[in-house]
Amino acid sequence: MTRGTGKSKEETLIEMSEAGSPSGGECPEEEPLNNEENNGYHSTLDSGSLQHDDAKSSSSLCSECSGTVSKCSSQSSVLVCDQCEKEHTEPVQHLSSLAGIWRKRTLFLKYRSRVDKQQQSKDSVYFRDGKRRIDFVLSYVEDKEDKKKQERRKLYEANMQKAGLELELEDKSESEDGKTFFLKIHAPWEVLATYADVLKIKVPFKVNDIPENREIPVGWLFTPLRLPDHVMHPDPDYFTSPFDNNKQDFFLIEDKETFFPNSTCNRIVYYILSRCPYNKDDNLSKDKRGIKRLLNNGTYTSAFPLHDCRYWIKSRDSSCESERYNLYRYWARFFRFYKEQPLNLIRKYYGEKIGIYFAWLGFYTEMLFYAAVVGLICFIYGVATYDNTVWTKEICDGKIGGEIVMCPLCDKTCGFWKLNSTCNSTWQSHLFDNTATVFFAIFMGIWVTLFLEFWKRRQARLGYEWDLVDFEEEQQRLQLRPEYETKCTSRRLNRVTQEMEWVLYQPVADLIGKLCLCWSAVVLWISLIIASIIGVIAYRLAVFAALASVMKDSPTNKLEVVGSLITPQLATSVTASCINFVIIMVLNFLYERVAIWITDMEVPKTHLQYENKLTVKMFLFQFVNYYSSCFYVAFFKGKFVGYPGKYTYMFHISSLRNEECDPGGCLIELTTQLVIVMTGKQVWGNIQEALLPWLKNWWSSRNARSHPESLYSRWEQDYDLQNFSQFGLFYEYLEMVIQFGFITLFVASFPLAPLLALMNNILEVRVDAWKLTTQFRRPVAAKAHSIGAWDEILNMIAVFSVVTNAFIVAFTSDMIPRLVYFYAYHPGIEPSMRGYVNNSLSVFNISQIHLANTPDSDENPAWYNSSMITTCRYRDYRYPPGHEHEYSHTMQFWHILAAKMAFIIIMEHVVFLVKFFVAWLIPDVPSDVQARVKRERYLVQEYLHNYEVEKLKKQLNQRGGGDQCICPEIAATVKHEVLSECLT
């Protein structure tokens, strides 16, 4: 039967009216009769094709009609051609008598389709009528053998229509691959108004009348950094209030079609799709609902909102805002790196959640500038003071350092060596291990506090400007996860709202079992990281001895510039760091799946709880994964070596002697480890974020790029892009927080770390903007009033960084031993560093070295003469041979240890005191924002009161004008069901 659309049968085959369709699907146009089309689009109308059509047999025409009918049925459209139905029921003779009619009808439809396609460009965000905007798109590939998927789609689309959504289908013949159907979805005003009320979306009711008084001193200096006002402020500033569907005349509604931004529309549609069931009315199974399940089981291949235009050119439709084009032009290009970010436009186009991320990333990058400047000054200080350093001169002096014979660094394969061979590594170490290191460590402790406190103020201002002031966790009950709702089995009374709400009942034993399983898995993976670190340490111990023997006569030693820099210690450290980086990447890749699986098992109630739980699990793992190797070098390497007569061994294995620090000190090794892991992660992250999506998109759209613009539809262009997953923003935060840990936890060892982070982040902002604007489908807009659990993690890192930097300065750096020598053990009357090198080295009798530790005869250098050289030196403070306390620690060792502990306590208390004072001094919310919030709340109450009073006056006047009681006007009741579990 034909649907009652008020159109002729011929028109019905070309376009469908959603009002009378159970699923809102579009019946496809008839299949073309020749092969001259370009992927379903007709570029010309030639007589040859018409003549070819005339030769069409009547039987093939009937089969085409039958195919059309079946195709419409598969798309949930109830359409059966009366003529074709009659043809199949009457005798075959009737077929020949109607052949002429069918031929004329088919030619008319083909001509109509060609004309229509030439008139309207497919690069559009509207339905075919050019009025209803596409808010969401679903795609699928029809599998005629899989009846379950067809049935799911039919029921799901019917339920979408019951919820008030309007649908339009693009046939597979219209797609580039000839296989994919596209279902376009539009939410009319009644649906948007209903769900805006449900979701408490804030909308304007009055123009903001508070003047802006945020004048920046010497603001003209920042003019080159500014963007045009229409980009920075795409909308006027309004006072807003949660939308009430029964008080529509209270709000500033000028045009219902544009009242809700497109990002709000796609958010509402996705809310409906996430809760829409795909079962029959008599089957109330909660498991069968939501677009996520349909995507997982292959019923649909993708679901996404549309970009409003191509990113490199404005839309030809004057009613389209072309916001994507503005974002690309003013924000997503690298040569705009010095410009401010259009945060309001980002928020309007992508939603508050993505807007908050870019606001935080931009603010973090700005604050890095100050840390980078101070770190660069400290590094320049190290370069400038090298020639004035007494102990480095003594090491490089042939008469001092050249006469000091050092004990072997490993068993058998390492020979005796002279101290002046470490001249270059000593110079490298001094660049980072100098007096400025202490100052910079204290500065970074204060900088972290300033960064976090000023971000709170920035976040509060954005929260007001973006209507997030009252967006608290309690309101997240309206943001329940569909996965949670489907598992709810009972209801209970909410003590706050006094409403019945769905709850997930979990027995105590089941809950405890899940918690134990989840956290046992986390501990297991953390143990795997520790085991891998131990493996890398074993690699260091085993390879160092081998490299020491091989590189003794290596050709690289003869290189003029870098020959002296390539040492066994450096080679071992670099290769071990690279191996450790590869292990980090592999474990990270595997654990991501485990963390998601664990969090899904816990079934969090809201999206916010889900993200927070996943964040904690991922960061705990990443913390151990990325920082464990740095912790080993900083706090363990070289601390438990023993001395030549009594070395300590790893696991008591004689071939794995605990490794000593580089002759230049452990700080330079920590710097090397930090640079390799930090830089490697940033480079690899940028490759993953930018290069891989670009290559995938280039490959997937290689055929469609040759199509004219009018034939390459907007939904196909977005379909060819990469999907921005629900964890896309999570990984961006994780990458930046890990970087934040590198520049704060270990910054005392590498003052240039903030500079490297600054350079990376300047690129990161534009790379993230570029990939989001050009390489990914438009994400579903989501609200967020803060950066979530990452805020607490940043605060934890900030506190922990004070402790780690204090320990690095005390135990990894040589700063404290130098200060103790300078003030307490210097020779002569005036404090001096002369003799420090000799004082810091202990003496050991070579004849007392065990045979297992003695170097092989061919491993010692040519200058070594066993009869002339009887002692060797090593880094420690122990009594010399022949002393009554031979080889035990001297009193100076204990003085230095006491000084180290005192320094840690003093530095921590000073920094923490300053941190707490700064945090107390700086209010979290700016005073002008507080005034604006109070003003807005006052106006909402006043305007609502006046609105109700005026409404009551009108009702009283109407009643007084006649005997008949006239009820007050109320908004029309929407004739569709509201899909919200929390409201039922």
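This section describes the overall make-up, nonpolar cores, a helix, salt bridges and a surface patch of a predicted model.

The protein chain comprises 984 residues, of which 52% are buried. Its secondary structure amounts to 31 helices and 14 strands. Among contacts with a separation of 6 or more, 77% join residues that lie 24 or more positions apart. The chain exposes an accessible surface of about 46200 Å², and carbon and sulfur atoms contribute 60% of that area.

In soluble globular proteins, nonpolar side chains tend to be buried together. In the present model, the largest nonpolar core contains 147 residues. Within this core, the residues with the most contacts are W360, Y364, W447, F619, Y627, F742 and W790. When residues up to four places away in sequence are not counted, W360 touches F451, W455, Y733, M736, I787 and L794. A second core, separate from the largest one, has 48 residues, including Y140, Y195, I201 and I291.

Helix α7 covers residues 147-162. With 16 residues at 1.5 Å each, this helix should span 22 Å, and the distance of 23 Å between its end C-alpha atoms agrees with that expectation. The buried residues of α7 are K149, Q150, R153, L155, Y156, E157, A158, N159, M160 and Q161. The elements that cover them include the strands β1 (136-141), β2 (166-170) and β3 (180-186), together with the helices α11 (262-275) and α12 (291-296).

Across the whole structure, the search identified 31 salt bridges. One of these pairs the side chains of E323 and K348, with an N to O distance of 3.0 Å. Because E323 belongs to helix α13 and K348 to helix α14, the pair ties together parts that are 25 residues apart in sequence. The relative accessible area of E323 is 7%, which falls under the 20% cut-off, so E323 is classed as buried.

Two further salt bridges lie within single helices. In helix α18 (residues 435-465), K456 and E453 are three residues apart and therefore separated by about one helical turn. The closest N and O atoms of K456 and E453 are 3.5 Å apart. K456 is partly exposed, at 24% relative accessibility, whereas E453 is buried, with a relative accessible area of 6%. In helix α24 (residues 714-719), D718 and R714 are four residues apart, so about one helical turn separates them. Their side chains meet in a salt bridge at 2.9 Å, N to O, and both D718 and R714 are buried. Elsewhere, R128, E168, E170 and K184 are linked in a network of salt bridges.

Nonpolar residues also occur at the surface. A patch of about 950 Å² is made by W220, L221, F222, L225, F334, F335, F337, Y338 and L763. One member of this patch, F335, is located in the loop between α13 (323-330) and α14 (343-350). With a relative accessible area of 70%, F335 exceeds the 50% cut-off and is therefore exposed. The helices on either side of this loop, α13 and α14, are those that contain E323 and K348, respectively.

Methods
Residues are numbered from 1 along each chain as its sequence is written. This is a predicted model: local features need pLDDT of at least 70, side-chain atom pairs count only at pLDDT 80 or more; totals for chains, interfaces and linings use all residues. Side-chain values use heavy atoms; hydrogens and water are left out. Patches are made of residues with over 30% relative accessible area and no salt bridge: like charges are joined within 9 Å, nonpolar side chains (Val, Leu, Ile, Met, Phe, Trp, Tyr) within 5 Å. Accessible areas come from the Shrake-Rupley method with a 1.4 Å probe; for residues, only the protein chains shown count as cover. A salt bridge is a side-chain nitrogen of Lys or Arg within 4 Å of a carboxyl oxygen of Asp or Glu. Helices (H or I, at least four residues) and strands (E, at least two) are DSSP runs, numbered from the N terminus. Buried means under 20% relative accessible area, exposed over 50%, partly exposed in between (1.4 Å probe, protein chains only). A nonpolar core is a set of buried Ala, Val, Leu, Ile, Met, Phe, Trp, Tyr and Cys residues joined through side-chain atoms within 4.5 Å. Contact means heavy atoms within 4.5 Å. The expected span of a helix is 1.5 Å times one less than its number of residues.
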